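Open the model in your viewer and switch to a cartoon representation. The stops below follow one sheet from its middle outwards.

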Amino acid sequence: MHPTQFSSGDVIADRRADYARMLAENGEHEAAVELMEQALELVPEWPAGLVRLADYAEKAGLPAKAVPALRRLLDLDPEDLFGAQLKLALLGAEDVPDQPPSRYVEALFDDYAERFDTALVEKLDYSVPQKLARLIVEHADRDFGLAVDLGCGTGLFGAEIRDRVRRLEGFDLSANMLMKAEEKGHYDLLAKADLSLDPRTSGLFDAGLESGRADLVSAADVLMYLGDLANAFALAAMVSKPEALFAFSVEDAGEGDGFILAPSLRYAHTEQHVRQRLEEEGFELLKLTRTTIRMDGGKPVSGILFLASRMV
């Protein structure tokens, strides 16, 4: 039996991991670390076991145990399905990467798709789609020929803008999220695409994206899963007509000129970083507004909504 995320393939190791989980849920993280170390002595190449060990060690304030576990995990899983590189960066053991691992983001949302709408809208008071659609309509109270929804997810923004567009296309990295979007019936085209890649060299346009056609481009609550926004904004520019609108949201990193990696493993961006990347790609900033975009752990998450226009 091959080790999987849920089972090590060894009954004794699994039992110890289960006890470790119960201890961790009770706040006994040091004891959980000891049990996970015992489990991994039996199955040293169990990726999910290394994830658990690193998580319990971090919560126990034992980075000297968390860091080696994460480095071993990266050795076993170069595609970084579990986001070990991001976790190492949060521990100060690596530089913050410009982009998260694509396989990590894809797996995260493939797993999350079934419960995404309920969790985000009903439990976390997520409001970006409505606020972003309102920002667009307040500036341009008209219909759009083609809207391209980058990182469309389950189609929450598509539902808000559908009656304003004649054709709506959505692109996302997660196949499961695209399936949920298709069920809602708002999109004329849905296709898989990795927005973190450089659109000039990645073959993204093979996914169905076409250059210079969109009257409206959106990126609602997706840029926090990217670091440097250069590639995403280059893509937005390539698909836009002259004078097309570009509407998007970011988590607010406050003062400065770059981006940060938050404990949530999402990126937050400064206004200055966004302004710089927009200017580089030929966009004029029309309006921005600061607002709460969701709750997280019972606390409001501050964000910025932007509306820009592609200059002629």
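**Touring the sheet**

Select alanine 147 and leucine 216: leucine 216, in E4, is the bridge partner of alanine 147. This is a predicted model, in which local features need pLDDT of at least 70, side-chain atom pairs count only at pLDDT 80 or more, and totals for chains, interfaces and linings use all residues. Residues are numbered from 1 along each chain as its sequence is written, and side-chain values use heavy atoms, with hydrogens and water left out.

Next, select strand E1, residues 144-150 (strands are DSSP runs of E, at least two residues; helices are runs of H or I, at least four; both are numbered from the N terminus). Seven of the seven residues of E1 are buried, meaning under 20% relative accessible area with a 1.4 Å probe, protein chains only. E1 runs parallel to strand E4 (residues 214-219), joined by three bridges; two strands pair if DSSP finds at least two bridges between them.

Now add E2, residues 165-172. Six bridges pair E1 with E2 in the parallel sense, and leucine 150 has phenylalanine 171 of E2 as its bridge partner. Between E1 and E2 the chain passes through helix H9 (residues 156-161) in a right-handed β-α-β crossover: with the strands pointing away from the viewer, the path from the first strand over the helix to the second runs clockwise.

Move on to E3, which runs parallel to E2 over four bridges. Select aspartate 172 and its bridge partner in E3, lysine 192.

Finally, show the whole open sheet: seven strands in the order E3-E2-E1-E4-E5-E9-E8, with mixed pairing. Strands E3 (189-192) and E8 (283-296) are the edges, each pairing on one side only.

Note on methods
Buried < 20%, exposed > 50% of the residue type's maximum accessible area, 1.4 Å probe, protein only.
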